[in-house]
Structure formats: structure tokens, C-alpha cells
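The following exercises are intended for a reader who meets this structure for the first time. Please work through each task before turning to its solution.

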Amino acid sequence: MKKFFANFKGDAFGGITAGIVALPLALAFGVSSGLGPSAGLYGAIFISFFAAFFGGTPTQISGPTAPMTAVSMVVIAGIIATHDGDVTKALPYILSVFLLAGLVQVGLGVLGFGKYIKYIPYPVVSGFMTAIGVIILVTQILPSIGYYPKEDTEYVNKFKPQAEELILENILKEEAGEGILVLEDFKETIKRAGELQPEDIAKESKTLAKSEASGVLGTLKILPRAIQNINWLELALALATIFIVYGFKRITTKIPSALVALIVVSGVAYGFGLGYRPIEEIPSGLPIPNFEIITGFSFASISPYIFTAITLALLGAIDSLLTSVVADNMTKTKHNPNKELIGQGIGNSIASIFGGIPGAGATIRTVVNINAGGRTKLSGMIAGVMLLFILLALGPVASKIPAAVLAGILITVGIGVMDYKGLKAIPALPKDMKIGPLKVSSEVLIMLIVLVLSSVWDLIYAVGIGLIIASLLFMKKIGDLTAQRSDVKPLKEEAWSDETNFPVALKEEVFIKHIKGPLFFGSTSDFQQLAKQIPGTAKTVVIRLGRMQYMDQSGLYAMEDVLVDLKKQNINVLFVNLLKQPRYMMERIGIIPELIPTQHIFKDFNSCLYWIKTNVEDKF
């Protein structure tokens with residue numbers, strides 16, 4: 001217990017700061033998901049607290065994130081559509097899927113699957129994250145200009161014939177379930193159809209209109225009509241929010257700019273009595289568990305969504321463990337991936353029972369926590385308690401926030417979540433495969449396939465297709481390399497024959513590292529441990545690359561990160577026997593000569609040793 005509170009002051013400040021940063025995003029993600037701001041807030045409260053308490057990354061702050069919300073949004077919309085647009089009827093099924101996703105995460109952690117997340121190749125992650133940004137950015141255009149398709153009467157009326165057809169289909173299905181032969185008893189069908197009210201048809205029409213205008217393609221399809229019906233006040237509020245989010249960062253980054261934008265724009269809109277559209281009302285009081293997802297639970301009712309739940313679980317696992325790696329690099333610690341999955345699963349499971357949307361480790365909030373002094377899991381728990389306090393004390397006030405303000409915040413999130421590093425590298429990556437007469441980069445191709453399919457079709461299938469293509473291309477490349485060098489055998493980490501006469505006096509000053517195989521997405525994690533292997537007395541690191549025949553984009557950026565860390569420590573890095581393909585990759589993004597000057601690249605170890613004897617002072 002004493003150890004738990006050893007860094008109480010830092011953890012308290014870090015947790016409170018992270019909780020404040022999480023507030024506008026939690027509300028925005030809740031609204032974006034389709035379940036309302038309270039769902040985002042409940043998710044942030046319970047996931048933050050329980051994922052921290054049971055998890056394996058002490059400094060991690062968890063809650064709803066952009067990737068998890070984007071997938072949840074699709075799940076929620078699909079289930080609501082199958083329940084005639086009735087959120088109340090659909091809610092138990094939605095929360096059951098979220099609960100199942102949390103339980104799957106617990107199972108993944110118990111079975112030890114955490115260590116396998118590193119095998120997701122960089123182009124797949126890059127394409128997916130950029131697609132998430134595109135989805136959020138595009139789908140927030142309509143609320144930012146104050147256009148809501150289901151409130152456009154003329155547009156909704158176009159769906160009345162289709163609505164009547166669907167209602168009739170439902171009547172026929174009901175009769176079939178009751179054993180009524182329609183062709184023998186038209187009267188019953190006519191009777192039931194006659195009991196329909198105009199409101200029923202109008203409700204179904206609104207559901208169809210909203211569904212038709214959802215997603216990236218739906219938004220782009222309805223956009224010309226939306227532009228003709230812009231609500232200029234809502235647009236002004238959204239633009240003011242975006243301006244403050246980006247503008248305030250130029251003044252200071254110590255105060256979250258999204259929170260400043262939320263308070264300032266909402267305060268002005270409310271204070272001047274502008275006729276804006278507020279978000280849905282946030283219930284006051286403590287969150288109440290939704291026991292219907294347990295008492296009314298049946299395997300048959302959620303069986304169509306099992307694959308969706310597994311997908312959410314895997315996405316949350318990837319999202320969380322990537323953030324854990326960031327936390328490790330900042331705190332110089334090592335997270336427990338399987339324990340982290342268990343913690344995330346418990347957090348998501350409990351959040352679902354209370355009506356919260358699922359989440360994962362949140363990179364920005366985690367970085368804020370660490371920079372503010374958070375060092376133990378107490379900081380994440382305090383962040384959750386802070387959000388609960390805000391809910392209880394300021395729930396009615398938060399209900400007055402303009403919907404356009406949250407849309408503006410989400411637009412900045414969408415812009416920020418895209419992988420610009422991967423996009424900028426597109427022209428530089430080598431064109432290593434042919435498609436007909438065209439030469440293209442296999443890594444760029446994978447990224448673009450995942451990006452396009454995720455944006456306009458299905459996030460989950462897109463990632464699956466990307467993984468399959470990446471695996472097939474990798475197997476081909478390694479097969480080709482193995483054919484060229486079939487006599488290569490794995491070696492233990494020990495001195496090579498030409499190193500046996502290395503001067504003893506220099507061994508404390510010089511650290512030699514061998515890379516004995518391709519540096520690709522499956523081996524980057526081990527390579528990133530290089531900095532931790534270096535003795536404190538070392539001033540020079542020699543990396544022997546003669547057996548590293550191939551480097552992919554994931555390996556390239558892992559190499560860049562390690563070299564940047566070593567440069568910050570004023571450690572010289574020397575390359576020996578750098579082969580053609582890895583050198584070409586490193587030259588294309590500037591590792592050579594910006595991080596490794598050409599004079600620090602040697603053809604063989606003897607010439608490298610001569611440089612060491614000449615330049616490493618005072619030890620020879």
C-alpha cells in the first residue's frame with residue numbers, strides 16, 4: 001500500500017490533468033458513436049479506472065479513442081437499423097456486443113496473446129489510422145454545418161415508399177412466425193396494415209434517411225444537398241472551435257486547447273443566448289447499471305455480432321499496446337502486455353454494463369499524464385474519479401454544450417489521428433513490385449488498400465485483407481532472399497571471428513551489436529531494446545549489418561527511432577557492411593546522411609576498427 005501511494009503528488013496531478021484533457025473528447029466520442037455524450041463519459045470513467053487498476057502499464061490513461069469509436073459507430077448504427085431505429089430497443093444488444101468484446105480481451109490476455117500484437121505490419125496500421133481520420137473528418141461535416149438528414153422533411157419523404165415496403169415485410173415475417181398463411185388469409189394482413197399510423201411510416205422513413213446519409217460515402221452523397229441547407233450559426237461555432245483548438249496551442253500547450261475551445265465557444269453561445277443546437281441531455285446522478293444486457297442475454301440474440309465483438313477486442317488490444325510502447329519509451333519501463341489486455345477487457349466489460357462505449361489506451365492522455373508527473377496506476381484511477389466528479393457536479397451544465405462545438409473538436413481529432421509520417425514516405429519508398437506495366441511500392445500498395453477499403457467499405461475486412469497481402473508479400477521476399485543465401489544459419493549473440501582480437505581497453509567504450517536477419521515488422525520490438533543493452537560507459541555503438549538482407553517500413557522507422565535516441569545520448573553509431581536494399585531505404589528518408597554520415601559507414605570490420613582506434617580517445 002505504501003508503494004501504491006509512493007508518488008501520490010505526481011499521480012494526483014497527472015490523473016487530474018489527464019481527466020480534464022479527456023472530458024471534451026469523451027463527450028465528442030459519445031455523440032459521434034450515436035449513443036450520446038453520456039455514453040462517452042461513462043466509458044471514460046470506468047475504462048480509465050479499471051483498466052489502470054488491473055492493467056499492466058502503470059502510466060496508461062484509457063478511455064474512448066478515435067479508432068474504437070469509429071468501429072463502435074458502425075456497430076451501433078447497424079444494430080439500431082435492425083431495430084427500426086429505436087435506440088432503446090437496440091441498446092441491450094449494443095451493450096452486449098461491447099461486453100463480449102471486453103470478455104474476449106480478458107481471454108486474449110489470459111491466453112498470452114499480447115506478445116503477438118507486434119506482428120501487425122506498419123503499412124496496415126498506417127492505412128487504418130489514416131482511414132480512421134478520414135471517417136471522423138468526413139462524418140463530422142454534416143453536424144458541423146448544422147444539417148441533420150432525418151430532420152430534412154423533403155429528403156425524408158423520398159423514403160416513404162421504401163419505408164412502407166419494409167413495414168409490410170415485417171408484417172409478413174410476423175405472420176410467418178405465427179404460422180399464418182398469408183395467401184389464405186389476406187384479411188389479417190390488411191387488418192395489421194390498417195393499424196399502422198402515419199407516425200410509424202414517418203419514423204421508419206427518418207431511420208432510412210439517416211442510414212442512407214451515414215458513413216463516408218453517405219455523407220459525400222448528401223453533401224451537395226447539405227450545403228444548400230447550411231445553418232450558418234452552427235458552422236460559425238464549429239469553425240470557432242477549430243480555430244481555438246489550433247490557435248491556442250501556439251500560445252501554450254500546458255492547458256488543453258480542446259478544453260479551452262469547449263469552454264470559450266460554449267460560454268459565448270450560451271451567454272449570448274444564441275439559438276444553437278445543444279447536445280443530448282446528460283443524466284444527472286451516478287451511472288446506473290443496465291442489467292437488461294445480463295438478464296435478457298441469450299447467445300442467439302448476439303450470435304450475429306460475435307465477429308464484430310472479436311474485431312473490437314483486437315482493435316482495442318492493438319490500440320492499447322501501441323500506447324503502452326509509447327509509455328515505455330517515455331518512462332524507460334517495460335509494460336506487461338497480457339496483463340494490460342486483461343485490464344482493458346475488465347474496463348470495457350464494466351463500462352458496457354453502465355452504458356459506456358468501449359475504449360483503449362489513449363496516447364495523448366497517457367503522454368499528458370506522464371509529463372504531469374504520473375508514474376503509477378493510481379494516476380489512471382484518479383483520472384476516472386475526476387471524470388466522475390465532473391459528471392456529478394457539472395452534468396446539467398455540460399448538457400448545454402453546442403453539438404457543433406463537439407463536431408469541431410472531432411474534426412481536429414480526425415485531422416490529428418492520420419499517419420502523416422506514413423503518407424509523407426509514399427514518394428520515397430522503393431517500387432519493388434510490378435502490377436502489369438506499372439512498378440509500385442508493395443508497402444504503399446498495402447497502405448492504400450487498407451485506407452480506401454476502410455474508408456468506404458468495412459474497417460475490419462480492410463485490416464484482414466491488408467494483413468493477408470502483407471504476409472504473402474513478406475513470404476515472397478523472404479523466400480527470394482533465402483534462395484539467394486540458403487547457407488545462412490542462425491548465430492548466437494557472441495563475438496564474430498574478426499572481433500576476437502578487439503582491444504580489451506576499448507571494450508568499455510565501444511558496444512558491438514549484430515543484426516542477424518531481416519529487420520521487419522515481426523522483429524522491430526526486439527531491435528528497439530538495443531538502447532537498453534548499451535553499457536553506461538559506451539560512447540560508440542557499432543551495428544554490424546552484413547546479415548540484414550532486408551528491411552521493411554516498420555523496420556526502417558524502428559531503426560530511425562533507435563538512432564534518434566542514441567544521438568540524444570551523444571553516442572556515435574557506426575555501420576559495418578550495410579547491404580544494398582537497407583541502405584536504399586535509409587537514404588530515401590534521410591537516415592543517411594542526417595543520422596549516420598557516410599564516413600561512419602564501413603565496408604568491413606577492419607576499416608571500422610581502424611576508425612575506432614583513431615577516434616575513440618584515451619583508451620588505446
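The exercises below concern a predicted model, and each task is followed by a worked solution.

**Exercise 1. Overall form**

Task: Determine whether the radius of gyration of the protein agrees or disagrees with that of a compact globule.

Solution.
Step 1. The protein has 620 residues, and a compact globule with that number would have a radius of gyration near 25 Å.
Step 2. The value for the protein is 28 Å, which agrees with this expectation.
Step 3. The spans of the C-alpha trace along the principal axes may be added to the description: they are about 100 × 60 × 45 Å.
Step 4. As for secondary structure, the protein contains 29 helices and eight strands.

**Exercise 2. Burial, contacts and surface**

Task: State what percentage of the residues is buried, and describe the contacts and the surface of the protein.

Solution.
Step 1. A residue is called buried when its relative accessible area is under 20%. Of the 620 residues, 52% are buried.
Step 2. Among contacts with a separation of 6 or more, 82% link residues that lie 24 or more positions apart.
Step 3. The accessible surface amounts to about 29,600 Å², and carbon and sulfur atoms contribute 63% of it.
Step 4. Charged side chains number 54 positive and 49 negative, with a distance of 11 Å between the centres of the two sets.

**Exercise 3. The sheet around strand E6**

Task: Which strands form the open sheet, and in what order? Describe the place of E6 in it.

Solution.
Step 1. The open sheet consists of four strands in the order E5-E6-E7-E8, with parallel pairing. Its edge strands are E5 and E8 (601–602), each of which pairs on one side only.
Step 2. Strands of a sheet pair through backbone hydrogen bonds. Strand E5 (residues 510–514) runs parallel to E6 and is joined to it by five bridges. Within this pair, His 514 stands opposite Arg 544.
Step 3. E6 also pairs with E7 (residues 572–576), again in the parallel sense and over five bridges. Here Ile 543 of E6 faces Phe 575 as the residue opposite.
Step 4. In E6 (residues 540–544), five of the five residues are buried. Thr 540, Val 542 and Arg 544 belong to one side, Val 541 and Ile 543 to the other, and both faces are covered.

**Exercise 4. Backbone exceptions**

Task: Where is a cis peptide bond found, and which residues other than glycine have a positive phi?

Solution.
Step 1. Most residues other than glycine have a negative phi, and most peptide bonds are trans.
Step 2. The bond between Ile 592 and Pro 593 is cis, with omega at about 10°. Pro 593 belongs to helix H28 (residues 591–595).
Step 3. Lys 332 shows a positive phi of about 60° and is not a glycine. The loop that holds Lys 332 connects helix H16 (306–331) and helix H17 (337–353). Lys 332 counts as exposed because its relative accessibility is 61%, the cut-off being over 50%.
Step 4. Asn 570, also not a glycine, has a positive phi of about 60°. Its loop lies between helix H26 (553–568) and E7. Asn 570 counts as exposed because its relative accessibility is 69%.

**Exercise 5. Two residues and their surroundings**

Task: Is Thr 219 buried or exposed? Give its contacts, and then characterise Pro 58 in the corresponding way.

Solution.
Step 1. Thr 219 is part of helix H11 (residues 215–228). With a relative accessible area of 2%, Thr 219 is buried.
Step 2. Beyond its neighbours within four places in sequence, Thr 219 is in contact with Val 138, Thr 139, Leu 142, Ala 213 and Ser 214.
Step 3. Pro 58 lies in the loop between helix H2 (37–54) and strand E1 (62–63). Its relative accessible area is 36%, so Pro 58 is partly exposed.
Step 4. Apart from its neighbours within four places in sequence, Pro 58 is in contact with Arg 375, Thr 376, Lys 377 and Ser 379.
Step 5. Phe 248 is 190 residues away from Pro 58 along the chain, and the C-alpha atoms of these two residues are separated by 30 Å.

Key
Residues numbered from 1 in each chain as written. Predicted model: local features only at pLDDT ≥ 70, side-chain atom pairs only at ≥ 80, totals over all residues. Heavy atoms only, no water. Helix = DSSP H or I, 4+ residues; strand = E, 2+ residues; numbered from the N terminus. Rg over C-alpha atoms; globule rule 2.2 N^0.38 Å. Buried < 20%, exposed > 50% of the residue type's maximum accessible area, 1.4 Å probe, protein only. Contact = heavy atoms within 4.5 Å. Areas by Shrake-Rupley, 256 points an atom, 1.4 Å probe, with all protein chains shown as cover. Lys, Arg positive; Asp, Glu negative; His and termini not counted. Charge placed at Lys NZ, Arg CZ, Asp CG, Glu CD. Pairing = 2+ DSSP bridges.
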